[in-house]
Each structure stands twice: as structure tokens, then as C-alpha cells.
Amino acid sequence: MTTKFHYKGKRVLTTLIDLPVTISPVIAGLIFLLTFGRQSPLYPYLKEMNLNIVFAVPGVLLATIFVTLPFISREIIPVMEAQGSGEEEAAALLGADGFTIFWKVTFPHIKWALLYGIILCAARAMGEFGAVSVLSGHLRGKTNTLPLHIEILFNEFAYVPAFAVSSILVFLAVILLIVKSYVEVKGGK
Amino acid sequence: MYVELIDINKSFGTEKVSDHVSFGIEKGKLVGLLGPSGGGKTTILRMIAGLEDPDSGEIRVDGKVVNQTPAGERGIGFVFQNYALFRYMTVYENIAFGLRVQKENKRKIDERVKYLIRLIGLDGLEDRYPAALSGGQRQRVAFARALAPGPQLLLLDEPFAAIDAKVRKELRSWLKEMIRTLGITSIFVTHDQDEAIEVADEIIIINQGRIEQKGTPVEIYKKPATDFAATFFGDGVWVRDYSELRSFPWVQGLTGALIRPEYVRISKKSEDIKYQSSASEGVVEDVSFRGNSFEIRVRVGDLLLRAGRGPDEAPLDIKETVDVFIYRILAIKGREVFLLENEVMKDDSLII
């Protein structure tokens, strides 16, 4: 969207994409809390639809996506910009519809960048603390993530379990790093 | 007229890229849009293709207004400047793409693609990716891809710009012949006048979003309609004041004059020439070999002129004093152009 079309407000959109990077995750969490929490004007509608966002799994997901999305877009945008829109135009002139153009022409170009972005995103999501911490409510076994669990254990002076969980997190991070390097090598070809 | 543009205007921001552009192109013609870079040629091509919308005006193809028709439904083939081949598809898949999205049956696609690959002379390379092709081969693939769905109109944006000089010449004649054989109406954009002269049946000169002149290469060369057409098309030396040259009528309010090398005849003092009396004296300043002729720079009074000389003629030395006879000049007054013949030639009784 930001690379293949020229339109008004393009700058605003690109700036918005980078917003989560600049805002502290805790603030992001608070914003979500205000938007979907009890004080929010949206709350009655959400309740009516039986949607629990705050202090529930959707909230955790939402916060994670918000914080990590820029990692994907940041990876893809330069690739798409470098490529320009020539191939897409050629495909459109030959009569291809939007979906075909994306799937057959654009996607092969961004495949590796996308994968790379997803890995970075996953790595960030695993460790995400601030926004999730505010939004999830630390419900053990329900809305707890690994970093949150470490904090809880740490606050309970359960150092050994805290470090054990930490090492799981480190281990996962190392695996992701290995996958990332592999993707980099593959995609560089 | 097969393709018609009627009073097209287009601006990008405050910059006017098409200024009341109107022209028509006959079916089967190969037309070149010629002009300096940034003059609005490509935009015109993109508007015909539907990649860009005009701010006002009408575009007609085969009698139908196509302004509202999406690019993919106009049935126009387009060859991009950098070819824009699908990098992640083989030569075969590139050419087949247009037919596949039209949901042609497999056997028909295969037949058509194989025919086109043979036509462009790339047999055996159908499984290559564009990255493994040379510039010339890529251009041929782009050409075949544009032709695959059987368009009635082919548009080419600077088709030879990305190819090195030697292959370019070869490809020009190849493309010209190919388009002739297929009989498809074609419009191509170029900033290279040699290319336009060699390839096009008709040339449209475009500058700053305006059409300066439309005509065959010979017409434009012989009778340039505007000062821009005169200076851009063909070679020449620009002089402010030609009063030093003998026997040309003076035009009131002149901006200057253009003297093409072909209009200038240089002869050695020892050579006998017609119109000797009205030749001016000049001094050779520079002689350079141009492959099939010599280019001579000669000073006549304050004017530094250029002229050609055949390789078989007696060689000229630098600083040699020679006779310079000028057949005709293009006098330019504002946007108007006058072709002035040397008056001696009109009146043969003057010959001594």
C-alpha cells in the first residue's frame, strides 16, 4: 500500500506505521486499555458482542501485534520500493486482477523479506513486556506470557524457576537467531 | 485515425506535462514520439495505455473513447523502458502470463508461446530467468510478452535505451522489420533522433508537453515547423548573425539561423567549383574522422561552421584557407522557421 500507489496522506500512513516503534510499549498498553477498557465508550458494544479484550487473550495478541508489526513493514517496504511498480504495471496491462498481481508478481519479491520480518516479529513478540503487561492482567495460566511469568516468579523471590524460565526464553531466541541467519543467506541469493 | 488524442491536458502538481496535445495515428503505422527527456513523451504513452489518467481530453482507440476503460481491458501491448520482466518467472512463463490470466486453454497457450519464442529467436532459452539473459534478449522477451495476447496497438517506451550501442543498431532493424511483418500499429518513445529517423514512419516532436511538429522524418528535416523542431531535429550550427555570409536575403526581426553541415560545401583553393564568386573564404580549424566521413570545422569571419567531407576527397589541413559555399540556411524568427536558399543558385545568370 505504501509503496505501490501514489496518493495523498501517504506520508501520514508511513509515519503511523512507525508509531509503535517510537511509543513506549507501556503507553501503547495504556492506550489499548483506555480504548477497550471499562471507561471506554466502546465498552458497552464490546460487551454486547461478548468480546473480552482487556485482561484476556485477544488483548495480549492485539498488544503484541501492535508492537511488532513495524518489524515486518520495515523489512518489506524497502524491498518493494527498490523494486518499483514496473512489473505490477506490466501485469495489470496484460489483464491480471489485483490478487493475481500480488500473488504471482509482488509476493515472490517480498517472500524472503516477509519471512525475515516474521522471524524478527516473533523474536520481539516473545520478549514483549510493556504493552502486554498492562493489557493482560497477569492472569496465570490464562494470559501470562513468558516474560510476564518471569517477572511474577522474580517478585515472588522464586529465583531458580525465574532463571529456568529465562533460559527457555534465551534458548528460543537463539533458535530464532539461527533461523534468521539461515533465511538471510537463503534470501540473499 | 486508429489512435486519436483530442486536446489532452495533464499536470503533475504545478508542472504541466501535456499541454493541449492532439494527434491521430493511422492503422498499421509505426510512429515515434521524439523529444528531450522530461518533455512529456512517456506520460502520453502511459495515458494511452491507461496507466495514467489525463486531466482533460479524450483518448480514442479504434473509434471508441477509452478514458474510462481500465488498462488491462484496453488490449494494448506495452514494452517498458527497463522491460519490467517478471523476475521470478522463466522466459516461457513471462510470455505466457497474459494468456494465462485470460484463462486460455493450455494447448493454445503452449502453441502461441512456442510460436513467439521462435519468432524472437530464443529457442532453447525458454527455461531461463530474465537475470540470465542479455539486454537484447530481454528486450525481445518483453516484446513477445506484450504481443502474446494479440493486441491491436503496441506501445514501446524507450525500447533501446538500456542496450549497448552495437546491439542497439541490430535490434532497431529487427524491431522495425518485426512490426512491419505483424502489421501492428505501434508508437514508441525516444530521445534519440537517429533512432526515430531510422525506425519511424512518422515522427511527432514533443517538447515541454507540447507537440511541435508531426510528419515523416524527411518532411520534418526539410521543413521544420518551429524553432524547436529545427534545432532538435538534425545537426547544425546556431549563428546569431549571418550577414557575413554572402547572398542570403535578410529577414526582419530575426532571432538567429541554423546552418546544417550538409548545407555547407568546403573546397580547396585549387578545386574548381560552381558559384565560386559567391563563396566565402574560411580557415580550417579542425578535422576529425567520423568513420565514413570527415567532419570539418571551419571559421568564416566570426562564424565557426561545420561541414562534412568525403573520405575520398583531397584531404584538408588544419589552418588551410578554403572556399566555403553555403547552399541554404534555416532562418529562425521567434517560433517561425524560414528556409532561405542562396540567391546565387536561384539566378543562374549570375554564374561566372
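**Notebook: sheets, helix packing and the A–B contact**

I began with strand S18 (residues 328–333) of chain B, which pairs with S19(B) in the antiparallel sense over six bridges. I took two strands as paired if DSSP finds at least two bridges between them. Helices (H or I, at least four residues) and strands (E, at least two) are DSSP runs, numbered from the N terminus.

This is a predicted model, in which local features need pLDDT of at least 70 and side-chain atom pairs count only at pLDDT 80 or more, while totals for chains, interfaces and linings use all residues. Residues are numbered from 1 along each chain as its sequence is written, and chains are lettered from A and ligands numbered from 1 in the order in which they are written.

**Entry 1. The four-stranded sheet**

I looked up a register point in S19(B) and found B:Phe338 opposite B:Ala331. S18(B) and S19(B) make a hairpin with two residues between them. In the turn, B:Gly334 has a positive phi of about 60 degrees.

I then placed the hairpin in its sheet, an open one of four strands in the order S11-S12-S18-S19 (chain B), with antiparallel pairing. Strand S11 (237–239) and strand S19 (336–341) of chain B are the edge strands, each pairing on one side only. From one strand to the next the twist averages 25 degrees. Angles here run from 0 to 180 degrees between N-to-C directions, and axes are lines fitted to C-alpha atoms, for helices over the stretch in contact.

At the other edge I checked S11(B) against strand S12 (residues 256–259) of chain B; they pair in the antiparallel sense over three bridges. B:Trp238 has B:Leu258 in S12(B) as its bridge partner.

**Entry 2. The six-stranded sheet**

The next sheet I traced is also open, with six strands in the order S6-S7-S8-S3-S9-S10 (chain B) and mixed pairing. Strand S6 (76–79) and strand S10 (210–215) of chain B stand at its edges with a single partner strand each, so one side of each has no neighbour in the sheet. The twist averages 15 degrees from one strand to the next.

Within this sheet I followed strand S7 (residues 153–157) and strand S8 (residues 185–190) of chain B, which run parallel and are joined by five bridges. B:Leu153 stands opposite B:Thr185 in S8(B). Helix H1 (residues 41–49) of chain B packs on the sheet, where it touches strand S3 (30–34), S6, S7, S8 and strand S9 (202–207) of chain B. The direction of H1 makes about 150 degrees with that of S7(B).

I also checked the record: UniProt places "domain: ABC transporter" (unreviewed entry) at residues 3–233 of chain B. UniProt positions are given in the numbering used here, feature names are shortened, and annotations may be inferred rather than shown by experiment. Over residues 3–233 the chain is 36% helix and 26% strand, with the end C-alpha atoms 24 Å apart.

**Entry 3. Helix H2 of chain B**

I looked at how helix H2 (residues 91–101) of chain B meets helix H3 (residues 106–119) of chain B: their axes come within 10 Å and cross at roughly 135 degrees. H2(B) is therefore oblique to H3(B); angles under 35 degrees count as roughly parallel, over 145 as roughly antiparallel, 65 to 115 as roughly perpendicular and the rest as oblique. Residues are in contact if their C-beta atoms, placed from the backbone, lie within 7 Å. On that basis B:Tyr92, B:Ile95, B:Ala96, B:Leu99 and B:Arg100 in H2(B) meet B:Ile109, B:Arg112, B:Val113, B:Leu116 and B:Ile117 in H3(B).

With helix H4 (residues 135–147) of chain B, H2(B) packs at an angle of about 25 degrees, the axes being 7 Å apart. H2(B) and H4(B) are therefore roughly parallel to each other. B:Val91, B:Asn94, B:Ile95, B:Phe97 and B:Gly98 of H2(B) make this contact with B:Val141, B:Ala144 and B:Arg145 of H4(B).

**Entry 4. Chain A and its contact with chain B**

In chain A, I found the axes of helix H5 (residues 86–93) and helix H6 (residues 98–127) coming within 10 Å and crossing at roughly 140 degrees. That makes H5(A) oblique to H6(A).

Last, I looked up the chain contact, where 13 residues of chain A are in contact with 17 residues of chain B. H5 and H6 of chain A each supply at least two residues of the side that touches chain B. The largest share of that side, seven residues, comes from H5(A).

Note on methods:
Contact = placed C-beta atoms within 7 Å.
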